[in-house]
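Colleague: I am new to this model and would like to know what the words used for it rest on. Could we take the terms one at a time?

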Amino acid sequence: MFKKSEPEDGRAEPMIHSSEQSMLSTTTRSRTTATIGPSIQISGDVTGNEDVRIEGRVEGTVNLSDNVLTIGKEGQINATVNARVIFVEGKVEGDLKGDEKVVVQASGNVRGNIVSPRVTLEDGCKFKGSIDMDVEPSVARASGSSSRNEKIADIKSAAGGGNDHSSGAGLGKAPGQQ
Amino acid sequence: MALASRNEIVEDKCPTNLDFDSPSVGIFSQRFLGPGKCRVLDLGAPAKSTVAFFSRSSCTYHLEDLYRFFIEPRKRGKSDDDEDDDVAAAIAAALSYEDSTRFDLVLGWDLFSYMERATIELLMSRIARSCRPGTLLFLTACTGAMIPSEPARITMTERERLSYRCAIDSQSITNPRLPPTALESMMPGFRLLHSFLLGDEMQEFLFSYT
């Protein structure tokens, strides 16, 4: 019943030791990050299939739809940006589209619009623009999960555990009043 | 025209760090943050927990950080004799939206305590163009004699609560104490829906656009 399946030709399968497996998976999973240094200026389109950290200046478009883009503290972007995940530590003028999430760190300065299902603006950052969070993560779409229903459930929970405020419950006692 | 000529600095106490229940947050959460898309205009500064709060819904969130990008630079760089149309032009430039944009909720926090009446009128006249009947305007105010010299960082936290934080070294200025009737007169089309006295010298107002 629990007999391991063997190759039909009777030969043993190549054996991979656990350490090798570990190495293999590490190699497969490892992500290289290309860095655009502080002295580099790019005018045009930046595209690729690896994570990128920008410490220089970029004008144009940045498209890393399957990867992580970090705009470092020295980075200055005047571009339309699309990436799976975007971290902003530097300065951005332009629209950001993060398929998974966009995080503007405390040192970040963004003037533009963000479209992403998850957006974090750390306290202290500078931001002027709009955030459209009415998009579902590509992962959620692929797995068929209903993030919208989950969001609604979260809202109800955050809005007071399902209490009904529409009938004036919101006029309840003020803090300090017992 | 001065944007905040009332800011004579005096030695006195004003609220510092408070956490309090906010009935207004409960009301607009119930109204807007359900199924369907809503559009929020936040005139305040970026705040992680507030963005997280709205990220639970399908909303478009516009953040203007009016104090940093409009009020404070003008306080620093402009004299008292600026013309009204300069302010109007600056407001129009700062708040430029497509004609079809309509907000469901406007978060004004305590910013009106740091603006002159004429500036509030121009600001709300501009914002009203992007409102629809039923749009809610949320304002907070201190009821005490003094307020911090800069707007406090007021953020939404979980379950109808607000966090109020002001800079540790913040000095105090005289509180203009704008009553709801005065606010209504500066904001044609907006009518007071609820006024909540919260204790700890805090008050909040919910206006509705008619």
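Modeller: Two strands pair if DSSP finds at least two bridges between them. Helices (H or I, at least four residues) and strands (E, at least two residues) are DSSP runs, numbered from the N terminus. This is a predicted model, in which local features need pLDDT of at least 70 and side-chain atom pairs count only at pLDDT 80 or more, while totals for chains, interfaces and linings use all residues. Residues are numbered from 1 along each chain as its sequence is written, chains are lettered from A and ligands numbered from 1 in the order in which they are written.

Colleague: What makes S5(A) and strand S6 of chain A a pair?

Modeller: S6(A) covers residues 91-93, and 3 bridges join S5(A) to it. The requirement is at least two, so they pair. The two strands run parallel, and A:Ile77 has A:Val92 in S6(A) as its bridge partner.

Colleague: Which other strands does S5(A) pair with?

Modeller: Strand S4 of chain A (residues 57-71) is joined to S5(A) (residues 76-88) by 12 bridges, in the parallel sense. Strand S7 of chain A (residues 96-104) pairs with S5(A) over 7 bridges, also parallel. In that second pairing, A:Val88 is matched with A:Val104.

Colleague: Why is A:Gly60 called partly exposed?

Modeller: The count is of other C-beta atoms within 10 Å, with C-beta atoms placed from the backbone: 20 or more is buried, 12 or fewer is exposed, and in between is partly exposed. A:Gly60 has 15 such neighbours, so it is partly exposed. A:Gly60 lies in strand S4 of chain A, and its bridge partner in S5(A) is A:Ala79.

Colleague: Which residues does A:Gly60 touch?

Modeller: A contact means C-beta atoms, placed from the backbone, within 7 Å. Leaving out residues up to four places away in sequence, A:Gly60 touches A:Ser43, A:Gly44, A:Asp45 and A:Ala79.

Colleague: What makes B:Trp109 buried?

Modeller: B:Trp109 has 26 C-beta neighbours inside 10 Å, so it counts as buried. B:Trp109 is found in strand S5 of chain B (residues 103-109). Its phi is near 50°, a positive value in a residue other than glycine.

Colleague: Is B:Arg177 buried, exposed or partly exposed?

Modeller: With 14 other C-beta atoms within 10 Å, B:Arg177 is partly exposed. B:Arg177 sits in the loop between strand S10 (172-174) and helix H6 (180-186) of chain B. Phi of B:Arg177 is near 45°, which is positive although the residue is not glycine.

Colleague: How do you know which strands are at the edge of the sheet S2-S9-S8 in chain B?

Modeller: This open sheet has 3 strands in that order, with antiparallel pairing. Strands S2 (18-21) and S8 (153-157) each pair on one side only, and they are the edge strands. S8(B) is joined to strand S9 of chain B (residues 161-165) by 5 bridges, and B:Thr155 stands opposite B:Ser163 in S9(B).

Colleague: How many helices and strands are there in each chain?

Modeller: Chain A has 3 helices and 11 strands, and chain B has 6 helices and 12 strands. Buried residues make up 28% of the 178 residues in chain A and 46% of the 210 residues in chain B.

Key: Contact = placed C-beta atoms within 7 Å.
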